[in-house]
Amino acid sequence: MLWPLTPAVPAIVRCIHQWLTSNVSAEHRLDKTLVLLTEAHPVDVAVTLLRSAPACDRAARTMWRTLISSRGTKEPVLQILFRALEFWPAHRTRTSDGDESDVFALAATVALWEILQLPWCPGAVKTNLPRLLLTLLFQVFISTEEMSEEVETFWGRCREQRSLPPNPNRFAVQTVKALLRQLLDEDVVMVIHRKCGWDMLLKADSHHYAVGLLARELCRVSHSFCRSVAASLIPRLSREEPLWELPALAFLVEVLHCLNPRQCGLSVLQIISRRLRSECPERRRLALRGLVVISKAPALAKSIWSLNEGLLELLQDADTDAVEMTLSALINVLHLKTIQISSPTALKLLEVLRPLFDNEHSQLQQLSMVLFREVMQATERSKSLKPHIYLRLVPFYFNWHDENQRVAEASREALFGAARFLKWRDLEHLVTMEQPWRFGECLLEKDRSRVGQYVRQALPYLESPEEPLQKLAIKFLGIAARSMKQEQPELQLICQALQGMTDDSPAVSNLALQTLHIIRAVRRTPFFPFW
């Protein structure tokens, strides 16, 4: 067959489209002509069709289906279509007739949607599924975030030609659903619908949450598919594309557990570490979620620990969730037993942890004490650390009796770590044997030089809202008073505090009175008049 000169190809494509529009009953008569023309000039045919029939009317649908059904044209045509999808809102492609007018990404989306309605799915669509999914999700986001005048005008013209949703973001979501139904699992679409994910996808402030939800559901269906999506996301996030950064990060974080840390762990860590310093709380929170996941990988332990200075700053953040995730990540890394902490770094850590031990959030209390023990195990013994550890013995002892069992257990573990670091075998044994009633007495007997310090730490527990802690404090102070010197100011503080507990419950006030009488009998000094 002799073909016309190349510049005539776009005109022939338009003629075929017009002829098919006018001849409904003979829509396949020109199939062979169209296929042969496309085999010779795939770009001219596909681009002209996108320009001439962006709304994909009946005639255009016939032409696309013919091209996708032919072995010789489906691959090149689909690749041209996929490239057109990726340039938002449009890109200029010169055809052989010199036409450089815009080819809109939405025109390619409409064509793709029609292809997805076929009873079979082209192999190229299957192999490019991760790429197509990310492109369509980006279209949803950008057409929700900002609707330019040119896109609005283009979409208005398309809606004049056929019935389409009023907003292009809704059509992009519709195409995502069709893609998932065709290639993965109808259940994914239904689960996301039940969780209102499709509606969230259409709102700028909840779009990234919906992307994260979609990622979780896709992981449930196919880990291999999620690995492929992640492989596409990692280069994008490494280039720091700010426009779709938050949703991309949300997807990546949800699929991290599907990835092999040895293959892509360092790239992921680089992405995460940059976002840890983000001024956007949501980016920082997502980065920390990702850090918690990868912190369990031995291959990344040393690289993550190299970020410890920045992580120490995050432990002082006002965001409770950020602090909790930072604690979890540090615990995971140290639990791998591959890190040796220097004394100066350990001192910084203990200083930052100190306010967290008594935090009003029990989860932060618990995690901070778990981290304390991990630090004790990973730190070389040093005299400079001992004063800081002595300061924690009494608070941990009282927290061991906390009504929250998780806090109590974490306190016991922290006490064990402190006793082992100090090489106090008798105290370590009492913790191991879970004999808290003997620990306080043994501590006061063993470390008499710090009894005054321990008393001052115990006094605030007299005002605890938990009655068991009040009673424990009274008993602890009673034991301490027996071994204190007459001139020690803490002795008077004990008596004053116990004497002032008349308004507490009968059980507490009676115990305080009994303890005062015992102190007076043992020391034979009244100090203050009793009741």
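## Ring pairs and charged contacts

Phe398 is buried, with a relative accessible area of 0%, where buried stands for under 20% relative accessible area, exposed for over 50% and partly exposed for the range in between (1.4 Å probe, protein chains only). The structure is a predicted model, in which local features need pLDDT of at least 70 and side-chain atom pairs count only at pLDDT 80 or more, whereas totals for chains, interfaces and linings use all residues. Residues are numbered from 1 along each chain as its sequence is written, and side-chain values use heavy atoms, with hydrogens and water left out.

The structure holds 13 aromatic pairs, a pair being rings of Phe, Tyr or Trp (its six-membered ring) with centres within 6.5 Å, and planes under 30 degrees apart counting as stacked, over 60 as edge-to-face and the rest as tilted. The rings of Phe104 and Phe154 have centres 4.2 Å apart and planes at 10°, so this pair is stacked. With Phe104 in strand β2 and Phe154 in helix α9 (residues 149-161), the contact links distant parts of the chain, 50 residues apart; helices (H or I, at least four residues) and strands (E, at least two) are DSSP runs, numbered from the N terminus. Phe104 is buried at a relative accessible area of 10%, and Phe154 is likewise buried, at 4%.

The pair formed by Tyr397 and Phe398 has its ring centres 5.4 Å apart and its planes at 70°, so it is edge-to-face. Tyr397 counts as buried at 4% relative accessibility, and the value for its partner Phe398 is 0%. Both residues belong to a cluster in which ring pairs link Tyr397, Phe398, Trp400, Phe439, Tyr461 and Phe476.

Rings also face charged groups: the charged end of Arg381 sits over the ring of Phe421, 5.8 Å from its centre, a placement that requires NZ of Lys or CZ of Arg within 6 Å of the ring centre and within 35 degrees of the ring normal. In the case of Arg450, the charged end sits over the ring of Tyr390, at 3.5 Å from the ring centre.

Among side chains of opposite charge, the count comes to 30 salt bridges, each being a side-chain nitrogen of Lys or Arg within 4 Å of a carboxyl oxygen of Asp or Glu. Arg92 forms one of them with Asp102, the closest N and O atoms being 3.4 Å apart. Because Arg92 lies in strand β1 (residues 90-92) and Asp102 in strand β2 (residues 102-104), this bridge ties together parts that are ten residues apart in sequence.

The salt bridge of Glu217 with Arg220, whose closest N and O atoms are 2.9 Å apart, falls within one element, since both residues lie in helix α13 (residues 207-221), three residues apart, about one turn of the helix. Glu374 and Lys337 meet through their side chains in a salt bridge of 3.2 Å, N to O. Here Glu374 lies in helix α22 (residues 362-378) and Lys337 in the loop between α20 (320-335) and α21 (343-357), so the pair ties together parts that are 37 residues apart in sequence. Elsewhere, salt bridges with shared partners join Arg61, Arg65, Glu114 and Arg162 into one network.

The table lists the accessibility of residues in these bridges.

| Residue | Relative accessible area and class |
|---|---|
| Arg92 | 63%, exposed |
| Asp102 | 29%, partly exposed |
| Glu217 | 7%, buried |
| Arg220 | 49%, partly exposed |
| Glu374 | 8%, buried |
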